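Trainee: I am new to this structure and would like a close look at a single part of it. Could you take me through that part slowly, joining one point to the next?

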Amino acid sequence: MIYSRYKIGQKLRDIRIDNGLTIVELAERLGISVSHVNQIERGYRNMSLDLLMRYIDEFDVDANSILMCADKKTNSIDDKLSSMSQDSKRYFLGVFNYMIQTREGEVSV
């Protein structure tokens, strides 16, 4: 999958607008600056995994819909994982599970 900050930014903007939020309201909800939201939506700035998780929580969407890989079966996260070696898959699943646990307060950082 080719990561396009511009296309993902447009997708995030569309999701925000569909949910009736202004940039100011979204920035407050996500705990980031208005400038940060604006830069992400315009494709000028990368988004951290933590921020991706906050978007997912805020809008009740999955990562595939934000990253726009659900329509392309060969580029889905599950397909990518299934094509990895067992060691790589174990590593990435471990990192993902750690992120989820940290996000839910189960692991102290």
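Mentor: Phenylalanine 92 counts as partly exposed, because its relative accessibility is 43%, and partly exposed is the class that lies between under 20%, which is buried, and over 50%, which is exposed. Please keep in mind throughout that this is a predicted model. Phenylalanine 92 lies in helix H7, which covers residues 86-103. Tyrosine 91, with a relative accessible area of 54%, is exposed, since the cut-off for that class is over 50%. A pair of aromatic rings is described by the distance of the centres and the angle of the planes. For tyrosine 91 and phenylalanine 92, the centres are 5.2 Å apart and the planes stand at 75° to each other, so the pair is edge-to-face, because planes over 60 degrees apart are counted that way. The count of aromatic pairs in the model comes to two. Tyr91 and Phe92 also join Val95 in making a nonpolar surface patch of about 300 Å².

Helix H7 has a part to play elsewhere too, for H7 is among the elements that cover the buried residues of H4, together with helix H1 (5-18), helix H2 (23-30), helix H3 (34-41) and helix H5 (63-67). In helix H4, which spans residues 49-59, the buried residues are Leu51, Leu52, Met53, Arg54, Tyr55, Ile56 and Phe59. Just after H4 comes aspartate 60, which takes a positive phi of about 50°.

Note on methods
Residues are numbered from 1 along each chain as its sequence is written. This is a predicted model: local features need pLDDT of at least 70, side-chain atom pairs count only at pLDDT 80 or more; totals for chains, interfaces and linings use all residues. Side-chain values use heavy atoms; hydrogens and water are left out. Rings of Phe, Tyr and Trp (its six-membered ring) pair if their centres lie within 6.5 Å; planes under 30 degrees apart count as stacked, over 60 as edge-to-face and the rest as tilted. Buried means under 20% relative accessible area, exposed over 50%, partly exposed in between (1.4 Å probe, protein chains only). Patches are made of residues with over 30% relative accessible area and no salt bridge: like charges are joined within 9 Å, nonpolar side chains (Val, Leu, Ile, Met, Phe, Trp, Tyr) within 5 Å. Accessible areas come from the Shrake-Rupley method with a 1.4 Å probe; for residues, only the protein chains shown count as cover. A salt bridge is a side-chain nitrogen of Lys or Arg within 4 Å of a carboxyl oxygen of Asp or Glu. Helices (H or I, at least four residues) and strands (E, at least two) are DSSP runs, numbered from the N terminus. Contact means heavy atoms within 4.5 Å.
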